[in-house]
Amino acid sequence: MSGSGGAGFLSHDGGGVQRHGFSTFPGDGGGEYPKAAAVIIGDEILKGTISDVNLPFLTRMMYNRGLDMVRAEFVPDVEEEIVEALLRIKSKVGENGVIITTGGIGPTHDDKTYSSIAKAFGVGLELHQPTVERMRTHYESQGKMLNEARLKMATLPEGSEVLVTDGLWVPLAVLNGVYILPGIPRLFQKMITAHESRFKGPSVFSHAIYTNSGEGDLADSLTAIAEKHPSCDIGSYPNTGKTETEAGGESYATKLVLNSRDRDLVRQVSKEIFESIPECFERDQ
């Protein structure tokens, strides 16, 4: 939709689908914006044996829930490095922030996440009996023994809050704002989604504008607008092939995405972009 920037505002619902209209993310719109971070643990990811798909899923969910993702770090299965990364990132998110860890909670020698988190916060490990009973039911239904190796997966940092996910025996342990999840995407996504109500922040409003101007042509105008409005994030994304389109829409050279918790500010910045940059247009979603 062509125009002067007065319409076409976008938001993302809980499933990450763009829709027309302003968002209604959870949160009261006040106070310090909550922060989130991720620690992805596993030698196999750093060696390229497998590709991580949990981080993109997590960042979209946190954005949809109104949290600012401020860090994401990949670390090997080395206790000292997990502890160091965890404590460094904890200082970035603050006491009220959350950290999501993925991976390293299986039954083998290289699964060191529980012990590393316990060490980071100066606590011990303890067998969590409710988890043991859920494990027993699960493995006995498969004709398998609940041996010492498997019990390692129910040996959690002392003082953890343990969340239960319907249909799964796997615990979601939470200690000092750190949510400890498995790396298996099917489990990770089911568990984090089941407890997404625990993650919430003030509303974030988003708006997309398209232009046939290249980034080099609009850079000066866009820089001036961004410096004038630091509370509005402005992303610039060139089309990799100018004839390509999104969802069968009109071709474009550059896509601009505005994000702010101030809806009126997003409207104002949109208006200024239309006034300063030629060949801008919007799309109904």
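Colleague: What makes β5 and β10 (residues 178-181) a pair of strands?

Modeller: Four bridges join β5 to β10, and the two run parallel. Strands pair if DSSP finds at least two bridges between them. Four meets that cut-off, so the two strands pair. T102 stands opposite L181 in β10.

Colleague: What sort of model is this, and what passes its filters?

Modeller: This is a predicted model: local features need pLDDT of at least 70, side-chain atom pairs count only at pLDDT 80 or more, and totals for chains, interfaces and linings use all residues. Residues are numbered from 1 along each chain as its sequence is written, and side-chain values use heavy atoms, with hydrogens and water left out.

Colleague: How many helices and strands are there, and what makes a run count as one?

Modeller: The protein chain has nine helices and 14 strands. Both are DSSP runs numbered from the N terminus: H or I over at least four residues for a helix, E over at least two for a strand.

Colleague: Which strand pairs with β5 besides β10, and in what sense?

Modeller: Strand β3 (residues 35-41) does, in the parallel sense, over five bridges. I40 has T102 of β5 as its bridge partner.

Colleague: Why is β5 called largely enclosed?

Modeller: Five of the five residues of β5 (residues 98-102) are buried, so the rest of the structure largely encloses the strand. Buried means under 20% relative accessible area, exposed over 50%, and partly exposed in between (1.4 Å probe, protein chains only). Both faces are covered: V98, I100 and T102 lie on one side, I99 and T101 on the other, all buried.

Colleague: How do you know that both faces of β10 are covered?

Modeller: V178 and I180 on one side are buried, and so are Y179 and L181 on the other.

Colleague: What does β10 form with β9 (residues 172-175), and in what sense do they pair?

Modeller: They pair in the antiparallel sense over three bridges. L175 has V178 as its bridge partner in β10. The two strands make a hairpin with two residues between them, where N176 takes a positive phi near 50°.

Colleague: Is Y139 buried or exposed?

Modeller: Buried. Its relative accessible area is 10%, which falls under the cut-off of 20%. Y139 lies in helix α5 (residues 129-141).

Colleague: Which residues does Y139 touch, and what makes that a contact?

Modeller: Contact means heavy atoms within 4.5 Å. Leaving out residues up to four places away in sequence, Y139 touches K144, L146, R150, M153 and W169. Y139 and W169 are 30 residues apart in sequence, with 9.8 Å between their C-alpha atoms. The contact rule takes any heavy atoms, so the C-alpha distance does not decide it.

Colleague: How many disulfides are there, and by what rule?

Modeller: Zero. The rule asks for two cysteine sulfur atoms within 2.5 Å. C232 is buried, at 4% relative accessible area. C280 is buried too, at 12%.

Colleague: How do you know that the length of α9 (residues 263-276) is close to what is expected?

Modeller: The expected span is 1.5 Å times one less than the number of residues. α9 has 14 residues, and 20 Å is expected; its first and last C-alpha lie 20 Å apart. Its buried residues include L265, V269 and F274.

Colleague: What makes the start of α9 a site of polar contact?

Modeller: A polar contact pairs N or O atoms within 3.5 Å; within protein, one must be able to donate a hydrogen and the other to accept it, and sequence neighbours count only if both atoms are side-chain atoms. A side-chain oxygen of D262 comes within 3.1 Å of the backbone nitrogen of D264. That distance meets the cut-off.
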